[in-house]
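Trainee: I would like to go through this model with you, one question at a time. Please give the cut-offs as we go.

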Amino acid sequence: MDDGAASTGSDGGTVNAAKSALRRRVLAARRARAKRGDAAVRQRDAAALTSAVLALLADQAGGQPCRVAAYRSMASEPPTERLVEALLAAGHEVVFPVTLPDLDLDWTLAHRAAGVVAGLDVETLGVDAISGAALVVTPGFAVDRLGHRLGRGGGSYDRALVRRSSSALVVTLLYDEELLGADERVPMEGHDVLVDAVVTPGLGTVRVGDDHVVDAPAEVAANELRDVQPEQG
């Protein structure tokens with residue numbers, strides 16, 4: 001994801017170094033959050049994210065059942081299990097990504113088994129299954145106000161997102177401080193795909209891109225993230 005002071009042209013090494021530094025910064029903050037292990041806070045985060053995404057989907061799909069591409073969150077990530085449960089309960093079809101050996105993404109149907117949301121990993125739908133999604137919910141480490149998204153570095157979602165429908169809405173789930181302020185950019189490369197919006201527990205839905213202005217609280221949150229030092233080792 002280009003732009004930013006770190007990228008001055010085709011110097012991919014500089015861009016990658018800048019991405020890695022930002023990724024380490026966010027990971028340090030997420031690990032610190034996970035170590036605190038506040039279950040009540042995580043439940044509140046899950047409820048807020050679920051409410052915001054369902055409201056987005058109601059506008060996007062006109063209240064009709066549709067396909068949503070989502071994912072199973074890790075312990076350090078903004079929680080998605082409650083969101084997926086709510087989507088399934090509302091009659092939406094949810095697909096989860098399955099990472100292929102070349103780091104591209106196949107997709108599998110989500111379902112409930114023994115009270116746990118899981119994917120039917122024994123049967124995949126093909127890499128083009130994302131093209132049927134009205135809403136694509138992606139993980140990420142940071143997004144700037146232009147819609148540049150920082151992922152894990154494998155390019156999996158960048159490859160998958162080129163197959164999305166032109167009418168699909170792409171949303172990244174973050175913690176509040178991971179939505180960068182006006183003075184910061186996610187370093188971007190030519191293959192990186194922009195997202196349309198960010199959803200965080202405290203800020204709700206924030207549209208990003210050239211046509212949208214990020215609310216001031218995001219800049220305050222970004223300042224807090226800058227103060228977090230990466231873990232060693």
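Mentor: Start with a term: a residue is buried under 20% relative accessible area, exposed over 50% and partly exposed in between, with a 1.4 Å probe and protein chains only. This is a predicted model, in which local features need pLDDT of at least 70, side-chain atom pairs count only at pLDDT 80 or more, and totals for chains, interfaces and linings use all residues. Residues are numbered from 1 along each chain as its sequence is written, and side-chain values use heavy atoms, with hydrogens and water left out.

Trainee: Is Leu-87 buried or exposed?

Mentor: Leu-87 belongs to helix H3, residues 81-89; helices (H or I, at least four residues) and strands (E, at least two) are DSSP runs, numbered from the N terminus. The relative accessible area of Leu-87 is 0%. The cut-off is under 20%, so Leu-87 is buried.

Trainee: Which residues is Leu-87 in contact with, leaving aside neighbours within four places in sequence?

Mentor: Contact means heavy atoms within 4.5 Å. One partner is Leu-57, 30 residues apart from Leu-87 along the chain, with 9.6 Å between the C-alpha atoms. The full set for Leu-87 is Leu-54, Leu-57, Val-68, His-92 and Val-94.

Trainee: What is the relative accessibility of Arg-30?

Mentor: Arg-30 is found in helix H1. Not counting residues up to four places away in sequence, Arg-30 touches Ser-76, Glu-77, Pro-78, Gly-140, Phe-141, Leu-173, Leu-174, Tyr-175 and Glu-178. Arg-30 counts as buried, and its relative accessibility is 2%.

Trainee: Why is strand E8 said to be largely enclosed by the rest of the structure?

Mentor: Take the two faces of E8: Leu-169, Val-171 and Leu-173 lie on one side, Val-170 and Thr-172 on the other, and all are buried. Strand E8 covers residues 169-173, and it is largely enclosed because the number of its residues that are buried is five of the five.

Trainee: Which residue stands opposite Leu-173 in E9?

Mentor: Two strands pair if DSSP finds at least two bridges between them. E5 (residues 133-138) runs parallel to E8 and is joined to it by four bridges, with Val-136 opposite Val-170. E8 also pairs in the parallel sense with E9 (residues 197-200), over three bridges. In that pairing, the residue opposite Leu-173 is Val-199.

Trainee: Which element gives the largest share of the lining of the largest pocket?

Mentor: On a 1 Å grid over the protein atoms alone, a pocket is an open set of points with protein on both sides within 12 Å along at least five of seven lines, and lining residues have an atom within 4 Å of a point. The largest pocket has 30 lining residues, with Arg-149, Gly-151, Arg-152, Ser-156 and Tyr-157 nearest its centre. Helix H1 (12-36), strand E2 (93-99), strand E7 (149-150) and helix H4 (156-161) each supply at least two residues of that lining. The largest share is four residues, and it comes from H1.

Trainee: How many helices and strands does the protein have?

Mentor: The protein has 233 residues, of which 46% count as buried. Among contacts with a separation of 6 or more, 73% join residues 24 or more positions apart. The secondary structure comes to five helices and ten strands.

Methods:
On a 1 Å grid over the protein atoms alone, a cavity is a set of points where a 1.4 Å probe fits but cannot get out, and a pocket is an open set with protein on both sides within 12 Å along at least five of seven lines; lining residues have an atom within 4 Å of a point.
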